[in-house]
Amino acid sequence: MSDTSHGTGGLTFDKTKRTWPNEMNILLALIIIVVIFEILGQILPYMNDQSFLFDSRDRFDSIFNEARLRIIILQVAIIGIIALGVTQVIITAGIDLSSGPLVAATAMIAMSFGQTELVNGFANPKALFGTWAMDLPVVVPIVVGLSFGAFIGAINGTFIAFLRIPPFIATLGMFLICRGIALWWSGGNPVSFPTESYKYIGSGMMPVVWFLSLAVIFHLIMRYTVYGKHTYAIGSNEEAARMSGINVKRHKVMVYMIASMLAAFAGVILAAKSETAQAGMGEFYELFAIAMAVIGGISLQGGRGSIIGTVLGAMVLGVIRSGFTYIKLDGSYQLMAMGSIIIAAIILDQYRQRNKA
Amino acid sequence: MKKLLITASLVAMMGSNAVAQEIGATFSRFDDNWLTVLRNGMVEHAATIDGLSYQQEDASDDLAKQIDQVKNFVASGVDAIIVNIVDTSAGAAITAAAGDTPLVYVNREPDNVNELPATQAFVASNEIESGTLSAFQICNNLRAAGKAGGATGYLMNGQLSNQAAVQRSKDVYDVIGMDMCNFMTIIDEQTANWSRDEAQDLMTNWMSSGEPFDFVLANNDEMAIGAIQAMKAAGMDMAVMQVGGVDASQDALLVMAAGDYDVTVFQDSVGQGTGSIDAALRLIAGEAVDQKVYIPFKLVTPANMGDFLAKN
């Protein structure tokens, strides 16, 4: 472990074995993947020497292909917000499988309070409630969404901390419950046409702004506050944390609540970005959020991992997804390649951990 | 006294069972937009029929689950079953699972449609029409815009495991294979899983290559809308861009009303939904039914979109 402020994950800190931080490895991997795509762009005959990251067609003022840089991070920003919460949960040695369906349920609920009454002069055909719920200020869908997330997180946390149900089972149950809520809310119908102000919070690069601001906030919280230190402590050794006076149960409930509120916020933003909420949204989001954390070097045993790692993990997935479209790789191969990369990340990480211990 | 009450209520329940009719329905997906319109229409239609109890289940795109649902319906003694089949090549398995219980296939055509027993029927649209109508109209529009010398574009697939998606994409290639439309070239095709937000990201990824293009064809409206949102965000002129999809959902028609969307295809949910329930009731009553009912798709463009605004 390079940094004593993080948990030790069962390893004793030894200055002689100090290596560069784990995050540097992920950054290196990120650069290597970019270079691979650049090379593929040069050698694949159908690519016409088009560059992956650089402005090879002279469309922008900078040397980079700005459109590519933007989409790389934009397409992982919303799942990235979920991953910030999942990271905290996994650091406590837990897991949260309910986030994908929670995104869908929250999107449906929040959008019901964020609809506009008139669309291009037509009455909103997807209006769920009466006029009282139309054209409300944007703060309403946000607060409703976050409250719903907090409620679901509190249930998750209570079952896990107080009723001692394994996190995998408790959140798997919640996974199904939330998907059910999403389908039940409007009987499977989409809820569409948000107000201008609601649209705005998910438009353009706004998802990225939310993702990066939340990442900075939670990086500081995890690193410098009691909340963060207790989270790492519980994941490293729950018994020791309890002995040293940490209210483990209450803390766990808090962690699950924060994670679910982040997932709920992702749902609020996703609905704004898509300008619609649909029951099938957020499919596999929970797994991609976990994958971001895992690529970012988190340990599923708890106690180890960081927000910066997860952000870099998200970037890796973003680069891969963009790169596959860039080299026109078929969707079925994309899934296979992405799966292989996730497994490779874990193998590399284990190898590194073994060498250190 | 208690025993008497229980017996009485049991008798009452059996009595009501004898007169009432029960229909069980299974749908390939509950979260599919168009199927939801179909489902809700069927619930409404069923509610208008006296003594009909109507129940529907979600097969979550899982054929094995759907076959079990049909068997469960048979086991619980429903009078008829309606199936929106997950996999159209599995008609024989579903038909066998229903046994003697009347069964109506809705919306999707099973491969055994010509060998259905007398107790079974089929009400749907011919899926081959939808993708073809949409792509052919885009071809016409491109010609009208003077691009018959060559036009390039992108194709967005629905879920790769879904047959309607595979069929609609194949239709696009069939249209492009025609002499009249062979000036169209697909630069790349990828899946956006029927979803609007995935389509936004995919379209933005495509645009980041800077390759010029003239059209986007999508297997459904949601992906077409996502593509349009992404292109507008990138400042493209939607008046010259040709975008085609399938479904004629209300969301899509309002995008069309704004002048951003060019072609979609209307699939008649009311016709299919009421048609399937009525066919089931006739089968229960032992009346003769038309075993194969095709309800046509209709092309929707800005010129006739007003006719469809209140329909799906």
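This report walks through chain A, one strand of chain B, and the contact between the two chains. Please keep in mind that the model is predicted.

**Chain A as a whole**

Let's start with the overall build. Chain A contains 13 helices and four strands. Its C-alpha atoms occupy a box of roughly 70 × 60 × 35 Å along the principal axes. The radius of gyration of chain A is 21 Å, and a compact globule of 357 residues would come out near 21 Å, so the two agree. Of the 357 residues in chain A, 51% are buried. Contacts in chain A also reach across the sequence: among those with a separation of 6 or more, 76% link residues 24 or more positions apart.

**A bent helix in chain A**

Helix 2 of chain A covers residues 66-91, which makes 26 residues. From its first C-alpha to its last it reaches 35 Å, close to the 38 Å expected at 1.5 Å a residue. Where does helix 2 of chain A bend? The bend is at Ala77(A), and it amounts to about 50°. Helix 2 of chain A is mostly covered, with 22 of its 26 residues buried. After the helix comes Ala93(A), which has a positive phi, near 70°.

**Strand 1 of chain B**

Over in chain B, strand 1 spans residues 21-27. Why is this strand described as largely enclosed by the rest of the structure? Five of its seven residues are buried, so the surroundings largely enclose it. A residue is counted as buried when 20 or more other C-beta atoms lie within 10 Å of its own.

Strand 1 of chain B pairs with two other strands, as the table shows.

| Partner of strand 1 (chain B) | Bridges | Direction | Residues standing opposite |
|---|---|---|---|
| Strand 2 (residues 52-58) of chain B | Seven bridges | Parallel | Gln21(B) and Leu52(B) |
| Strand 3 (residues 80-83) of chain B | Four bridges | Parallel | Thr26(B) and Val83(B) |

Strand 1 of chain B also belongs to a right-handed β-α-β unit, together with helix 2 (residues 33-47) and strand 2 of chain B.

**Where the chains meet**

Finally, the interface: 28 residues of chain B are in contact with 35 residues of chain A. On the chain B side, the elements giving two or more residues are helix 2, strand 7 (184-191), helix 7 (196-207), helix 8 (221-233) and helix 9 (250-257). Which of these elements gives the largest share of that side? Helix 7 of chain B does, with eight residues. Helix 2 of chain B thus appears twice in this report: in the β-α-β unit and on the side that touches chain A.

Conventions:
Residues numbered from 1 in each chain as written. Chains lettered and ligands numbered in written order. Predicted model: local features only at pLDDT ≥ 70, side-chain atom pairs only at ≥ 80, totals over all residues. Buried ≥ 20, exposed ≤ 12 C-beta atoms within 10 Å, placed from the backbone. Pairing = 2+ DSSP bridges. Right-handed = clockwise from strand over helix to strand, strands pointing away. Rg over C-alpha atoms; globule rule 2.2 N^0.38 Å. Contact = placed C-beta atoms within 7 Å. Expected span 1.5 Å × (residues − 1). Bend = angle between axes of the 7 residues up to and from the residue.
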